[in-house]
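Let's work through a few short exercises together. Have a look at the sequence and the model first, then try each task before reading its solution.

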Amino acid sequence: AAKAIKPSHMVATKDAIIQSIITRAGTPMVSEGDVVKKGDILVSGIVNIMGDFEEILGKEAVIADADIRCKTYYDYKNTFSLYYTKKKYTGRNKKGYYLNAFQKKLFLYNPRNSYPMYDIIVSEKKLHITNSFYLPFSFGRIDVREYDEEKLKYHEEEAIRIANARLDRYINELIEKDVLIIENNVKITFKNNHCISSGRFVVEEPAWKYRTILENEWRIEPTDEHSGDNH
């Protein structure tokens with residue numbers, strides 16, 4: 001979670017089971033093994049000010065600080081078609097040329113829209129007289145390459161490799177967020193010419209964020225009940 005700059009609680013970001021909690025600042029509201037709901041306060045930023053005889057003299061608001069690990073889960077699903085298209089270049093191509101002067105292009109020959117399907121590759125060179133003296137002009141070349149689309153189908157082994165690569169990327173994203181994977185129950189299946197990866201990760205993670213403490217949560221305004229007393 002981002003560092004708080006104002007007095008704050010630490011609250012749960014999802015339903016979870018508290019695995020461990022070590023509090024450094026604030027008042028712990030949960031213990032190891034507790035089941036919490038999203039939004040529950042895990043460590044309160046409101047602390048009691050104690051007197052010499054353990055009496056409560058007042059309250060103050062601080063930035064709660066604790067090491068918290070929670071048992072939670074992530075549901076994962078990724079689907080893609082076994083059919084895909086691949087570019088197949090025909091070998092036919094056309095070239096075009098232009099001058100670029102003062103941010104305006106003057107086409108000497110523009111070969112665009114030459115083929116039903118094509119790629120355009122543009123390269124441009126700035127004109128210069130010497131190695132250090134450049135003119136405000138540049139010369140550009142346009143290469144238009146025709147291609148056809150070939151419809152192909154992944155073999156199951158190929159699809160499984162792709163599905164596992166996507167799953168690995170997702171796992172790495174979780175690890176970067178300080179998520180420890182305890183169980184991986186994701187399975188890969190095939191249905192209607194689609195490869196489907198689905199299942200649940202059981203994890204251990206912090207699963208908390210800061211919530212700024214409001215003034216009315218801890219400050220008790222004096223009443224006017226005895227404001228007129230002179231005793």
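## Exercise 1: A salt bridge between two strands

K87 counts as partly exposed because its relative accessibility is 42% (buried means under 20% relative accessible area, exposed over 50%, partly exposed in between, with a 1.4 Å probe and protein chains only). A word on the source: this is a predicted model, in which local features need pLDDT of at least 70 and side-chain atom pairs count only at pLDDT 80 or more, while totals for chains, interfaces and linings use all residues. Residues are numbered from 1 along each chain as its sequence is written, and side-chain values use heavy atoms, with hydrogens and water left out.

**Task.** Find the salt-bridge partner of K87.

**Solution.**
- Step 1: K87 pairs with D119, with the closest N and O atoms 3.0 Å apart (a salt bridge is a side-chain nitrogen of Lys or Arg within 4 Å of a carboxyl oxygen of Asp or Glu).
- Step 2: K87 sits in strand β9 and D119 in strand β11, 32 residues apart (strands are DSSP runs of E, at least two residues, and helices runs of H or I, at least four, numbered from the N terminus).
- Step 3: D119 counts as buried because its relative accessibility is 18%.

## Exercise 2: Strand to loop

**Task.** Work out which parts of the chain R69 and D178 tie together.

**Solution.**
- Step 1: Their side chains meet in a salt bridge, 3.0 Å from N to O.
- Step 2: R69 lies in strand β8 and D178 in the loop between α1 and β13, so the pair ties together parts 109 residues apart in sequence.
- Step 3: R69 is buried at 18% relative accessible area, whereas D178 is partly exposed at 44%.
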